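Work through the exercises below with the structure open. Try each task before reading its solution.

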Amino acid sequence: MENRSQFGTRAGFIMAAVGSAIGLGNIWRFPAVAYENGGGAFFIPYLFALLTAGIPLLIMEFTIGHKYRGSAPLSYFRMNRKLEWLGWWQVAIAFVISTYYSVIIAWAMSYSVFSFNLGWGEDTEGFLFGEYLKRDVSAGETGSVVLGVFIPLVIVWVVALGILFRGVKKGIEVANKIFIPALVILFLIIVIRAVTLPGALEGLDAFFKPDFSKIADPSVWVAAYGQIFFSLSIAFAIMITYSSYLPKKSDITNNAFITGFGNSSFELLAGIGVFAALGFMAQSQGVTVQEVVSGGVGLAFVVFPQIINSFPALNGLFGFLFFASLVLAGLTSLISITETYVAAVSEKFGLSRKKAVLFGGGLSALVSILFATQGGLYFLDAADYFINQFGVAFVGLIEVIVVVWFLRKLNPLQAHANEISDIRLGAWWKVCLGVITPVVLGFMMFGLFKINLLKQFDTENGNYEGYPDMFINLSGWAVAAFALVLGFLFTVKRWSSKTEADTTYKEVS
């Protein structure tokens, strides 16, 4: 009999997996990426990337977690004793991401309150960086803690850790069953309102109008694979951990397809809402849509407040709905990210769930205070760029190469998935994981290393965002390297006897 925590229903697992995949990047990254890479034509490489990399990788990680019944480190250990470090590397990456991701959710929480009286004023950029973040220090300096960020940050961690305290079935599953439907309803309201605004059609035309000439550009295909890779929570240790909580008889491949297409559907919905609103903004300012397109933090906390200011009616309500959507999308992802190291620490050291939440989540919450200081945005920007580009993407490439090429585990994983799934895996799955995915990820990583290493010696253009060498080395490269080093350090200690990792464990079959 298995004592491992489990999701109560299949719907609960899918909600949790989709909730992990749907995050802040779906709302503020995908619309800009699609627009800049061919508009409607971008959906061709995007769909191709989803079917040849996104879903095949999801199936692989779902199968690993379900077959080996553990967190990422434990699952990899059970697959091959020499592979535990890979799981800890992924867990360390998740830990770093959770420390600053929580702060962005705190910003959104603050802005949902500011919405009611349009507290950001007319100069939304000046308000964000000046009055709210109080960023009046240089890169590398912390300054003092900003209370306006620190207080909502505490609330974010109380909510996230409170849910994790309650466990998988009563905490994570219940929370996602509430948050995900609420998120979809809120965003549907936003989209319906946005598409009825003057200029909305011009915005949607800019978003969907295909530029097929860009299909021949390799960088567009790399952008499509990058978007799919980052948006599906692959190589974060999340999907392996979540799938380890599935009952023994669970449809692996169907769950992966539902998760993949569910995430992409929300991205499309986000694109419609964002560009309809950008079209309205462009018309109200008498400029083209191209002149107001933005992505990332700038889109959410500078451009959207400007759009909300221009609304003809109920702008406070629209603002609240938008930022509340960011909070919900962020929380579902933060919970899943934190669960990866809560589960790993619990299994490795034999801790109870509550102790693991207090230790892992508490440590992450303490570290996150760094990003709530006056110089926090500089640290956040550098850590986010380097941990994503040289952490998540790189570990994903290593994961595929090791599992597929060196350990040659595709056959047993395929057999396990086919035994319990309606959609059977065939040659397409092996070709995708054995050839297409590693080649594309390898091409991405080669380009990224080449660009960023050259910048170290480029006195004219300088480092990423023009940051000083010392700051980039400590807050960027060192953070990415820290995750890898930590992965090896955690393998030194033996597993707790409670996990019986190397003795009585039997694979699910």
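**Exercise 1.** Classify Arg 408 as buried or exposed in this predicted model.

*Solution.* Start with the relative accessible area of Arg 408, which is 65%. The cut-off for exposed is over 50%. Arg 408 is therefore exposed. Next, place the residue: Arg 408 lies in the loop between α17 (376–406) and α18 (410–420). Last, check the backbone. Arg 408 has a positive phi of about 50 degrees, although it is not a glycine. Most residues other than glycine have a negative phi.

**Exercise 2.** Find where Lys 134 sits, and describe its phi and its exposure.

*Solution.* Locate Lys 134 in the loop between α7 (124–132) and α8 (147–165). Its phi is positive, about 50 degrees, and Lys 134 is not a glycine. Now take the accessibility. The relative accessible area of Lys 134 is 40%. Partly exposed covers the range between 20% and 50%, so Lys 134 is partly exposed.

**Exercise 3.** What span is expected of helix α15 at 1.5 Å a residue, and what span does it reach?

*Solution.* Count first: α15 (residues 315–349) has 35 residues. The expected span is 1.5 Å times one less than the number of residues. That gives 51 Å for α15. From first C-alpha to last, α15 reaches 51 Å, close to the expectation. Then look at burial: 32 of the 35 residues of α15 are buried, so the helix is mostly covered. Finally, step past the end of α15. Gly 350 follows, with a positive phi near 70 degrees.

**Exercise 4.** How do helices α4 and α5 pack, and at what angle?

*Solution.* Take the axes of α4 (residues 43–68) and α5 (residues 72–79). They are 9 Å apart, at an angle of about 75 degrees. Angles of 65 to 115 degrees count as roughly perpendicular, and α4 and α5 are therefore roughly perpendicular to each other. Now list the contact. α4 brings Ile 64, Gly 65 and Tyr 68, and α5 brings Ser 75, Tyr 76, Arg 78 and Met 79. Sorted by class, the contact has four nonpolar, two polar and one charged residues.

**Exercise 5.** Which residues of α6 and α20 meet, and at what angle do the two helices pack?

*Solution.* Helix α6 (residues 84–114) packs against helix α20 (residues 469–489) at about 140 degrees, with axes 7 Å apart. That makes α6 oblique to α20. The crossing is right-handed. From α6 come Trp 85, Trp 88, Trp 89, Ala 92, Ile 93 and Val 96; they meet Val 479, Phe 482, Ala 483, Leu 484, Leu 486, Gly 487 and Phe 488 of α20. The contact of α6 with α20 has twelve nonpolar residues, one polar and no charged.

Terms used:
Residues numbered from 1 in each chain as written. Predicted model: local features only at pLDDT ≥ 70, side-chain atom pairs only at ≥ 80, totals over all residues. Heavy atoms only, no water. Axes fitted to C-alpha atoms, helices over the stretch in contact; angles between N-to-C directions. Helix = DSSP H or I, 4+ residues; strand = E, 2+ residues; numbered from the N terminus. Parallel < 35°, antiparallel > 145°, perpendicular 65-115°, else oblique. Left-handed = near helix turned anticlockwise from the far one by under 90°. Contact = heavy atoms within 4.5 Å. Nonpolar A, V, L, I, M, F, W, Y, C, P; charged D, E, K, R; others polar. Buried < 20%, exposed > 50% of the residue type's maximum accessible area, 1.4 Å probe, protein only.
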